[in-house]
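Notebook open. I wanted to see how the helices and strands pack against one another, so here is what I looked up.

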Amino acid sequence: MKISFNWLQQFVQTDWSVTEVGDLLTDLGLEVEGIEKYESIPGMLKGVVVGEVLTCEQHPNADKLKLTTVSVGLDEPLSIVCGAPNVSKGQKVAVATVGTTIHPIDGDPFTIKKAKIRGEASMGMLCAEDEIGLGESHDGIMTLDKKWAVGTPCSKVFALEKDHVFEIGLTPNRADAMSHIGVARDLKAGWLQRGIQTELITPSVNDFQIHQAQTPIRVNVIDSKAAPRYCGVRISGVTVGPSPAHIQNKLKSIGLTPINNIVDATNYVLHEIGQPLHAFDANVIQSNTVKVQTLKAGTKFKTLDGVERELHKDDLMICDGDTPMCIAGVFGGETSGITEKTKDVFLESAFFDSVRIRKTSKRHGLNTDASFRFERGIDIQICDYALKRAALLIMELAGGKITSEISDNYPNKVEAKQLIIQFDYINKLVGQEIPRGEIKSILTSLDIKINNVSETTLGLSIPSYRVDVTRPADVVEEILRVYGYNNIDFSDALSTSMPEGSKPLDHLERRVSNQLVNLGFFEIYNNSITKPAKKEKEGVVTLVNPLSQELSAMRTSLYGGLTEVISYNINRRTTNCKLFEFGNVYHKSSEEYHQNHQLILGVVGNQNESHWRGTENKSDFFYLKGVIEAICRREGVEYTENLLPESEQLIDGISLESNQNQFATIGQLDSGAFENIDEETVVFVAEIDWEKFTTLAKDKKIKARPISKFPSVKRDMALLIDSNIAFESLRKVALETEKKLLTSIQLFDVYEGKGIPEGKKSYGLSFTLSDHAKTLTDKQVDKVMSKIQHRIQNDFGAELR
């Protein structure tokens, strides 16, 4: 939000510097993010002075040029070559002297230098208005009023203004500070806390009066909840034209473009006191009735920007009878606005429901200064005051007379909020004791009325413009920001609270996250709101009021976000990625909504970056499977593996099950199913249903034991088995057969091809046996291996090679 320093000083006068005021605003909670210099004319016409043309003769070497001598108040007149057709002797003109930098309307700034033009010396430039940024005309040089003395700086001739503009990072709750008077109120309170008495000067509306009563434009508010207050007045006989320079300069300084004196007046009052207003051409209102209502869904309405919009059934409209003129609180219509032909104005000042305005604004993608304020909440009590202020300003700028009573539809008066707060509560929340007299002084400076005081409590009335102050905690915040956060002492004590009861639900998630990070993975975060799939799917949760089409559906899986991150990194030449994300996915069945927490892992490229001493190991299916095995082993999750049936996301892979309940999948991503991944990019993905995994995970206590004093024994076995038998099945049977001595089984060779029957494959298995109590004998080892061999042969029809 932009706030003009010059404009502020109309309400609170100070001799503080701009920087000092900016620091105070930041201390008061209105963070000043920057201070910009503003000049109504770039360069402020520095070096441009009033000159008098003493002589004007034809250039001897050019038909379209003139030789002039111009007095600018120096000892000798200047010789200047001029090409303007209107230059003549005796004129008072604007002269840019040598060394002056001028800023034309079109083009870059340039510096005036001594020059020879067609053989004649030229010591300056006689200026047209577009050449020094004062207007658009280039028909000839500017001629000035003869009253101006030669040598007078042109910055004094024209109403130029220099200013400083604060860029304030306004928090959403501070609706009261969305105007110059709102900021001035805070400065007044801040200065009072520092012992500086300042008066808040507000615009007077005492001159408001009805000059000539005509038939009023009636106002009919159909929905008083959507429009709790609506005021209007008629102004007749206006003359629409440009605003005077001082109004235009104020608006330009805060980034607004002047339009005409009527519209500029409404914008001026909006930024002055924070009340949005709208001006209608009164002669367009054929029914002589302004109706505030909603219209049938699908009704077409063309707004000021020329766009035809389709109305929603909840869009509040300002209508001429039943004909829409304006989207209430958001944007005006194309046919009801102020034009050069407008003679009579109907001026609106209203209070609209903030939720209704916010939804309409988002629906139509219209963010205006008015909707910005209505969405956050304005002061319902100043609608009539703002209307009078704007009407008087319109008469000052455009003439005219007030020709109707104020129509004020305010059926349900809003009373000031009442709060009771304890002194002990204030001190407890602040962390130290603030003197009671100082508390009362701060509250009074903030227009918070103290109704009663006791030994322990304060009874308060909150001003209507502080829509954000609803609780005692809010009052403490107000006290603290004016008292000064810098005045709160630091304590050397460290206070903390210890969690009680069972471990928090995210304890397991944090532990697994740390494990993955230690394995070289990076955690990613993606938005739960995403764009809908090109092909509509069942069960997708869509948003009623999306911010955009790109953010209109809740994600149904974590694959989309993962592939976007992988694609983003690969496009920037980060080709080795190991990523994981915890997140929620959403589905809808019938009328019920479901939310599920999941973990997804994705790997692409190499396991590690290239190194001169190392080899490049690809991140493949087995690497990712090993990572999932490590997680399950650490958390005590036992499972079986099964080949994965057809999947929308994976080409092939496996599923992990526990008690016939699938909780995870691992496989190669089907790149063709995702538009942001190149089909040649090989990505391996694992997805875990975290809620099921949490149920399966045991609170496993790790037990340590010393390394066995006795040597282990290894035996190998080569088996011929059916090609559809997985190693995991053999491993599981072997461990069931010998639970005491068998410590590990490794698959060291897989062979299919020449010498192996069709439908068969050869497995090379390595078995490790150990006994912590004694050395194993060959007889014991042979017995165990024989038992395992017979079990595998019986269960799987395996043959020993």
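**Entry 1: the three-stranded sheet**

I started with helix α2 (residues 18-27), which lies across β2 and β13 and runs at about 150° to β2. Housekeeping before going on: this is a predicted model, where local features need pLDDT of at least 70, side-chain atom pairs count only at pLDDT 80 or more, and totals for chains, interfaces and linings use all residues. Residues are numbered from 1 along each chain as its sequence is written, and side-chain values use heavy atoms, with hydrogens and water left out.

My terms: helices (H or I, at least four residues) and strands (E, at least two) are DSSP runs, numbered from the N terminus. Axes are lines fitted to C-alpha atoms, for helices over the stretch in contact, and angles run from 0 to 180 degrees between N-to-C directions. Contact means heavy atoms within 4.5 Å.

The sheet under α2 is an open one of 3 strands, ordered β1-β13-β2, with antiparallel pairing. I count two strands as paired if DSSP finds at least two bridges between them. β1 (2-4) and β2 (31-39) are the edge strands, each pairing on one side only. From one strand to the next the twist averages 30°. I then checked β1 against strand β13 (residues 162-169): they pair in the antiparallel sense over 3 bridges. Ile 3 has Phe 166 in β13 as its bridge partner.

**Entry 2: the seven-stranded sheet**

Next I looked up an open sheet of 7 strands with mixed pairing, in the order β29-β32-β33-β37-β36-β35-β34. Its edge strands, each paired on one side only, are β29 (522-523) and β34 (640-643). Strands β32 (residues 577-589) and β33 (residues 592-604) pair in the antiparallel sense over 13 bridges. I picked out Gly 583, whose bridge partner in β33 is Gln 598. There is a helix on this sheet too: α13 (residues 507-518) lies across β29, β32 and β33, at about 145° to β32.

**Entry 3: α6 on α9**

I moved on to helix pairs. Helix α6 (residues 261-273) packs on α9 at an angle of about 140°, with their axes 9 Å apart. That makes α6 oblique to α9; under 35 degrees would count as roughly parallel, over 145 as roughly antiparallel, 65 to 115 as roughly perpendicular, and the rest is oblique. The crossing is right-handed, meaning the near helix is turned clockwise from the far one by less than a right angle (anticlockwise would be left-handed). From α6, the residues I found in the contact include Ile 262, Ala 265 and Val 269, and from α9 they include Ala 390, Leu 393 and Leu 397. By class this contact divides into 12 nonpolar, 1 polar and 2 charged residues. I use Ala, Val, Leu, Ile, Met, Phe, Trp, Tyr, Cys and Pro as nonpolar, Asp, Glu, Lys and Arg as charged, and the others, Gly among them, as polar.

**Entry 4: a salt bridge at α9**

How many salt bridges does a search of the whole structure find? I got 34, taking a side-chain nitrogen of Lys or Arg within 4 Å of a carboxyl oxygen of Asp or Glu as one. In one of them, the side chains of Arg 229 and Asp 384 meet at 3.6 Å, N to O. This pair links distant parts of the chain, 155 residues apart: Arg 229 sits in strand β15 (residues 229-236) and Asp 384 in helix α9 (residues 383-398).

**Entry 5: two more helix pairs**

Helix α11 (residues 436-445) and helix α12 (residues 472-483) pack at about 100°, axes 10 Å apart, so they are roughly perpendicular to each other. Ile 439 and Ile 442 of α11 are among the contact residues, as are Val 475 and Ile 479 of α12. The classes come out as 7 nonpolar, no polar and 2 charged.

Last, the axes of helix α17 (residues 727-737) and helix α18 (residues 778-796) come within 10 Å and cross at roughly 135°. The two are therefore oblique, and α17 passes α18 in a right-handed crossing. Their contact includes Leu 730 and Val 733 of α17 and Ile 788 and Arg 791 of α18. I noted 6 nonpolar, 2 polar and 4 charged residues there.
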